[in-house]
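Hi everyone, thanks for coming. Today I'd like to walk you through one structure, at an easy pace, so please have it open in front of you.

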Amino acid sequence: MGFQHYKAYDSTRTYSRIYDYTNKKIERPIPVSIWYPAQQNVDDVEPLTVLDYLEILKEEEEWEHLPNDQILNWFYYQNTPANQKHLIEESTAYANVEFANGKFPVVIYRPSFQASSIENFMLCEYLASNGFVVISSPSRGTETRWFSSNNAKEIETQARDAEFLIKEIGQLSFVDYEKIALMGFSFGGLSNIIVQNRNDNIKAIVSLDGTERYQYGLLEQSPFFDSKKVDVPYIHMAQKEIPETVLKEDKIDFELNTVFQLYDSITNSKVYRLRFHNLTHSYFSTLGVLFANRDERQDKSDSEIMESYKWAAIYTLNFLEATLNKNKKAMGFIENRPENNGVGKKLITQKIKQPTKQTFSFQDFNQLASNQNYENLIQLHDSIVAMYPSFEIPEGSLNILGLQLVFNPKTSLQGINVFLLATTLYPDSSNLYDSLGEGYLFFGEKKKAIESFEESLALNPQNPNAIDRLKQLKK
């Protein structure tokens, strides 16, 4: 697979480079990392190393000229022999090689709190090698590289950065713009919910221990958040239960292990919950797996962590194949119990929540019909049935509503429209045609009243009202 990195700019927002120590404002820079299927022969091209990726981290941290031998000293990881060894390891991506022919589904990746676009490069490479385009940008603050103390504002900024990337992929000829998913780790999960809530072209959400599980209150601070709008398949992969001793020592709320308000509140989509019993939070990212300090109080061995990270990648791929590409085999994998997929015993536990059966009442219909002045009712009815196939309007309810409207001089025409819908839905109802005739008669449409009473009489020759009305009208 191929990899490209470049810098774009959002001219609608301003930004300051924090270490330049000036008051200068610039257009918001959006460093962009893209992993993609490639077709070029790479026999004579060197693959990227881990150090190549960390040079991108330097750029995004605004320390472009930092010597490479200082990277581990300067940033977040210990400068140990083991970590030094990781720097020279090769990845499976090749820089700037040609794109493969065709159109590919796309995944928008949002990093964790203030993290780099490349923090999960191995997962992104894995998805690209299986036919997906993955595009990412760093998690940067609203005004500078660093977040402010207003996390609600920073979530909105991350959401806008994701929406910038959605527009960016619109310029790529090899992207299938009808197949877009969101993927986020930790803090990136919060902004992804906001992005999905206000962008209809998002078809699925992957959350790698996303903070939307732990900080639901931050979601509620957004004016754009509505759990009812989460109407696409959503998978959340959670860390292991945190031991009681760690909760106490680190002063972590005990409910962190059990409460998931977003999961409980989602009713309009299918939700998958996986708990990875060998992963703590940091190890849902490549950089965490490679470099993060192991917590002796709870972390598993390196081999156990790597095994579980591999399964997180496999579940991500199958979920995207199932939801974006409608792959039946992948859907079977997602629906299976983990042990039936070859997952080691007690590595993963799974819950699947079906969407609540949606209902739509006649009162709901009448509200929408009233909002549009009872016009275009057949189209309105058909659009509702498309969303709620079981929706039916009782014949009697239409008849009463139509009569209430038609006998009010201010709404007579609206009543006629209700009866026209009613006779379309119930073409064999003598009673509805009789009521429509009364409506036309009240409205002064004598010819149409006669036609309606005649139709009513044809359906029920014993209808006394239709007989009497026709005698009066034909004198």
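Let me start with a term we'll need: a helix here is a DSSP run of at least four residues, and helices are numbered from the N terminus. With that in hand, H11 can be introduced as the supplier of five residues to the lining of the second largest pocket, the largest share of that lining. One thing to keep in mind throughout is that this is a predicted model.

Let's stay with that pocket for a moment. The second largest pocket holds about 270 Å³ of space. Its lining has 16 residues, and those closest to the centre are Met122, Leu123, Thr286, Met306 and Tyr309. Which helices each supply at least two residues of this lining? They are H4, covering 121-129, H10, covering 286-291, and H11, covering 302-324. As for chemistry, 11 of the lining residues are nonpolar, two are polar and three are charged.

Now for the largest pocket, where the space comes to about 610 Å³. Here 26 residues form the lining, and if you want to find the centre, look for Ser112, Phe113, Phe185, His281 and Ser282, the closest ones to it. Sorted by class, this lining has 12 nonpolar residues, 12 polar ones and two charged ones.

Next, please scroll along to some helices later in the chain. We'll take them pair by pair.

The first pair on my list is H15, residues 395-406, and H16. Their axes come within 7 Å and cross at roughly 160°. Why do we call this pair roughly antiparallel? Angles over 145 degrees count as roughly antiparallel, so H15 and H16 fit that description. The crossing of H15 past H16 is left-handed. On the H15 side, the residues that meet H16 include Leu398, Leu401 and Leu405, and on the H16 side they include Ile416, Phe419 and Leu425. This contact has 11 nonpolar residues, five polar ones and no charged ones.

Moving on, H16 spans residues 412-425 and H17 spans residues 430-443; their axes come within 10 Å, again with a crossing angle of roughly 160°. H16 is therefore roughly antiparallel to H17. H16 passes H17 in a left-handed crossing. Among the residues making the contact are Leu413, Ile416 and Phe419 of H16, together with Leu432, Tyr433 and Phe443 of H17. How many charged residues take part in this contact? There are no charged residues, with 11 nonpolar and four polar ones making up the contact.

Our last pair is H17 with H18, where H18 covers residues 446-459. The axes of H17 and H18 come within 8 Å and cross at roughly 165°. That angle makes H17 roughly antiparallel to H18. This crossing is left-handed. The H17 side of the contact includes Asp434, Glu438 and Leu441, while the H18 side includes Lys448, Phe453 and Glu455. Here the classes divide into seven nonpolar, four polar and four charged residues.

If you'd like one thing to compare on your own screen, try the charged residues. The contact of H17 with H18 has four of them, whereas the contact of H16 with H17 has none. Thanks for listening, everyone!

How values were computed. Residues numbered from 1 in each chain as written. Predicted model: local features only at pLDDT ≥ 70, side-chain atom pairs only at ≥ 80, totals over all residues. Heavy atoms only, no water. 1 Å grid on protein atoms, 1.4 Å probe; cavity = no way out; pocket = protein on both sides within 12 Å on 5 of 7 lines; lining within 4 Å. Points joined across faces, edges and corners; volume = space filled by probe spheres on them. Nonpolar A, V, L, I, M, F, W, Y, C, P; charged D, E, K, R; others polar. Axes fitted to C-alpha atoms, helices over the stretch in contact; angles between N-to-C directions. Parallel < 35°, antiparallel > 145°, perpendicular 65-115°, else oblique. Left-handed = near helix turned anticlockwise from the far one by under 90°. Contact = heavy atoms within 4.5 Å.
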